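Hi everyone, thanks for having me. Please pull up the sequence and the structure, and we can walk through a couple of spots together.

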Amino acid sequence: SFSIAYWKGGDVAVESILYRAQYFDKIVVWGGESAVRHAQSYVGPGFEMIAYDPKVSISMVGQQAFGSDEVLREVAMRGAADVLSFNQDACNASRFQFVEGDTEQCDRYSALLAEAMGIDVRYGGGHYLPTPADIRDEVDMLKMLEPVYAVFGGYEGRGLVVRSDEPVGFHPNVKTVNVVQVSSLADALRYVTVATQTVGVWPPSRKRELRDGLASAGVQRIVSLGEANAPGSFGGMPHDATIPLHRFMKWITEEGDETP
């Protein structure tokens, strides 16, 4: 999305003067319910609000990933590429990866994924932010529940993976991924909601069998694994089920026949 002027929000003394139709056509809001309701109080004739609520993106890895060690390593690299977007701060960054396989297979993938996330060549390579304290506390608790949970990687910010049989209760961030073991990718559909933005699928051929279920659950974007940050996802393409640039613009038309 694109903003003419960025404002963090919250200062009524400033907003009560600026948030008017004579100054702006639209206000674009990123945030949760409180942020949206705050901005909504200024909406009036000629001043439109466009809201983007928080989104979570996921990955879905099919059994075909375990065809060989070489294929599995490539899939892990693709899975990592979808995590690294702005150090996992972006809404299209994968946080939960549903893997179709047994425990041993999911652990192999998790180990390779943690390793692949440490090769950060696309977004600030070589600069690592430590895992936040709240996530470390959650993961430390899960370590005591092995083998129900398994943890791969460390807290230095290169890559941390938690393998489980259902999604963890915390929000994975700063290169933290929850690998969820499923017997079938169709089983992962019950965890998909309208808050799920991008879904990366491997192999790409399995998107066809999943797309109706994903769309019905509220997903807005389905891509091949590793393509969450592809150039085609920006510019004038759809985002969060709309085409934002069309909504941001003020459309003016000139109609009628031209005079010779």
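I'll talk about one glutamine and then about one strand and its partners. Keep in mind that this is a predicted model.

Let's begin with the glutamine. Where is glutamine 97? Its place is in strand β4, which covers residues 94-100. Now, is glutamine 97 buried or exposed? Its relative accessibility is 0%, and buried means under 20%, so glutamine 97 counts as buried.

Who are its neighbours, then? Leaving out residues up to four places away in sequence, glutamine 97 touches Ser59, Gly79, Val83, Tyr109, Leu113, Val177, Asn178, Val179 and Val180. Have a look at the glycine in that list: a polar atom of the glutamine 97 side chain lies 3.3 Å from the backbone oxygen of glycine 79.

Next, let's move over to strand β8, residues 196-202. How many of its seven residues are buried? Seven of the seven are, so to speak, under cover.

Which strands pair with β8? One is strand β3, residues 56-61: the two run parallel and are joined by five bridges. If you want a spot to find on screen, valine 61 stands opposite tryptophan 202 in β8. Another partner is strand β9, residues 221-224, which pairs with β8 in the parallel sense over four bridges. There, valine 199 stands opposite isoleucine 222 in β9.

Finally, trace the chain with your finger: β8, helix α6 (residues 207-217) and β9 make a right-handed β-α-β unit.

That's my tour, and I'm happy to take questions!

Technical notes
Residues are numbered from 1 along each chain as its sequence is written. This is a predicted model: local features need pLDDT of at least 70, side-chain atom pairs count only at pLDDT 80 or more; totals for chains, interfaces and linings use all residues. Side-chain values use heavy atoms; hydrogens and water are left out. Buried means under 20% relative accessible area, exposed over 50%, partly exposed in between (1.4 Å probe, protein chains only). A polar contact is a pair of N or O atoms within 3.5 Å; within protein, one must be able to donate a hydrogen and the other to accept it, and residues adjacent in sequence count only if both atoms are side-chain atoms. Contact means heavy atoms within 4.5 Å. Two strands pair if DSSP finds at least two bridges between them. A crossover is right-handed if, with the strands pointing away from the viewer, the path from the first strand over the helix to the second runs clockwise.
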